[in-house]
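Biologist: I should like to learn how the features of a two-chain model are read. May we go through them in turn?

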Protein chains: 2
Amino acid sequence: MKRTERVGAIIKILSENPNKLYSLGYFCDLFDAAKSSVSEDIQAAKQLLENVDLGLIETIAGAGGGVKLIPYISDREAENILNQICEKMRDKNRILGNGFLYTSDLMFDSNIVKRAGEIFARRFINLSADYVVTIETKGIPVALMTAHMLNLPLVVIRRESKISEGSTVSINYFSGSAERIQKMSISKRAVTPGSKAIIIDDFMRGGGSVKGISEMLAEFDIEVVGTGVVISSMEPEKKKILDYFPLIYLGTVNENEKTIEVFPNNLIFYKKNL
Amino acid sequence: MKRTERVGAIIKILSENPNKLYSLGYFCDLFDAAKSSVSEDIQAAKQLLENVDLGLIETIAGAGGGVKLIPYISDREAENILNQICEKMRDKNRILGNGFLYTSDLMFDSNIVKRAGEIFARRFINLSADYVVTIETKGIPVALMTAHMLNLPLVVIRRESKISEGSTVSINYFSGSAERIQKMSISKRAVTPGSKAIIIDDFMRGGGSVKGISEMLAEFDIEVVGTGVVISSMEPEKKKILDYFPLIYLGTVNENEKTIEVFPNNLIFYKKNL
């Protein structure tokens, strides 16, 4: 097997399993090659991805060490995908009336949510979280992709407690978007007391859902270390939570003139903020 | 830029965007390289993935042609992941009583559903489908991953019609699992009459949900060309639909002896059946 082949295979395996640590021995066995040789392959793979700004490979020395792909999206690609989402969001056919916009096509588009998940993963990689948590339904795809990039389990909070979730804990909370009391329910089996969670959701208006999720997780002594939403509404300016990271801001929706004001969160492009 | 670097970059880009066609020109621009040179790179990438059984690259000649990664999982990896799912399914702590098993941890595990999605994609790649369709909630992750591998949109059928879905069509159907009449609802915006769909779901007992989805899609003159489920219950033997492809069979769950009988669908390992 030639170097080119081994380097290509290493890149494919690491790319498909982000943030998962592979020992040097794994690749030695796969390629039937010596450690010194595999070490050089990994260096070549690392250099290669950096050259074309396509990813970051980290090597960890010593026993229990190995190599992994750090979830990464370049500033240019992040900017590109946010502009794409904004462009699509401005389509006047999304206006459903009463302030509602149709966004299911975007939130169930695997390419869009994969890129969004990469941005969240890049943002939250250093928080040592144990889970990604979301609430059904439209936040599930982006939360799943974020969880995949971070190599973490996904926990999905349900609206109704289901028999198939086993024993659950439920709370009621006020949702400003729905303008009524809503219920959410989490399976006791899904979480471990004392752990850390990242909350990912598709849309935030007043922050009631995210606050509800935080309070429910607090019942299990679970700390929320980061919150990411794809779209955050500008109104109301005062949210029920303080710390959150939106990809896109939604401004005024003018139903008469059929205009939708959206713009990307430009702060994500400054590495110092990441 | 050296050959090794270009080959690695091609593999990363194609792997992250399965079933998406890239023109030769795209890579020529990216690498600032001649077509002849990029052609050789692509041949090298193709050979490499085949050698290590990690994927299939297809090149399409002529104008409008290009190169893409065919969604692929090797027989060995497919067997491996199905055995892993079976092993996890046999854990007696999953027994919830009344015939229910806890499976949310598996259905929300991004690595498991990604592999399952690869198997479904490999199975259904040649059906010229326009969408992957599922019904909320636990089928969404595996359906999303299948859609990603096939580069198709995902359509999620909701239990309740939501304002944010715009105009919807709903039906009532009898669910054997829930032992009651249930409702499902689809957004008219999500589908185009005359198209083709693949249905993906997490679990099938009697087939009522899948039959309901088919009937609702038929209202839009949408043909169901394939159905995949992660787990199919052996009982009842007679399902409401005839043609479906399960990854795992669930046999007897003995709540007294705390045993769960599961086994993989071995037919997936014969290429002639794919």
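Modeller: Let us begin with the contact between the chains, bearing in mind that this is a predicted model. Chain A contributes 47 residues to the contact, and chain B contributes 47 residues.

Biologist: Which elements of chain A give two or more residues to the side that touches chain B?

Modeller: They are the helices α1 (3-16), α3 (35-51), α5 (104-107), α6 (110-124) and α7 (140-150), together with the strand β6 (154-157), of chain A. The largest contribution to this side comes from α1(A), with 10 residues. By character, the residues on the side of chain A that touches chain B comprise 23 nonpolar, 13 polar and 11 charged.

Biologist: How are the two copies related to each other?

Modeller: In general, two copies of a chain are related by a rotation about an axis and a shift along it. Here, a turn of 180 degrees and a shift of 0.0 Å along the axis lay chain A on chain B with an RMSD of 0.0 Å. The two copies are therefore related as by a two-fold rotation axis. Both copies use the same surface, for 100% of the contact residues of chain A recur in chain B.

Biologist: How should one describe a pair of packed helices?

Modeller: Two packed helices are described by the angle between their axes and the distance between the axes. In chain A, α6(A) and α7(A) pack with their axes 7 Å apart, at an angle of about 50 degrees. These two helices, α6(A) and α7(A), are therefore oblique to each other. Their crossing, that of α6(A) and α7(A), is right-handed.

Biologist: Which residues of α6(A) and α7(A) meet?

Modeller: Among them, Val113(A), Phe120(A) and Phe124(A) belong to α6(A), while Val142(A), Met145(A) and Met149(A) belong to α7(A). The residues of this contact divide into 10 nonpolar, four polar and two charged.

Biologist: What is the arrangement of α1 and α3 in chain B?

Modeller: The axes of α1 (residues 3-16) and α3 (residues 35-51) of chain B come within 9 Å and cross at roughly 65 degrees. Thus α1(B) is roughly perpendicular to α3(B). The crossing of α1(B) and α3(B) is right-handed. The contact includes Arg3(B), Arg6(B) and Ile10(B) of α1(B), and Asp41(B), Leu48(B) and Leu49(B) of α3(B). Its residues divide into eight nonpolar, no polar and three charged.

Biologist: What confidence does the predictor give?

Modeller: The complex receives an ipTM of 0.94 and a pTM of 0.95 from the predictor. Chain A has an average pLDDT of 93, with 97% of the residues scoring at least 70.

Definitions and conventions
Residues numbered from 1 in each chain as written. Chains lettered and ligands numbered in written order. Predicted model: local features only at pLDDT ≥ 70, side-chain atom pairs only at ≥ 80, totals over all residues. pLDDT = per-residue confidence, 0-100. Contact = placed C-beta atoms within 7 Å. Helix = DSSP H or I, 4+ residues; strand = E, 2+ residues; numbered from the N terminus. Nonpolar A, V, L, I, M, F, W, Y, C, P; charged D, E, K, R; others polar. Axes fitted to C-alpha atoms, helices over the stretch in contact; angles between N-to-C directions. Parallel < 35°, antiparallel > 145°, perpendicular 65-115°, else oblique. Left-handed = near helix turned anticlockwise from the far one by under 90°. Least-squares fit on C-alpha atoms with pLDDT ≥ 70 in both.
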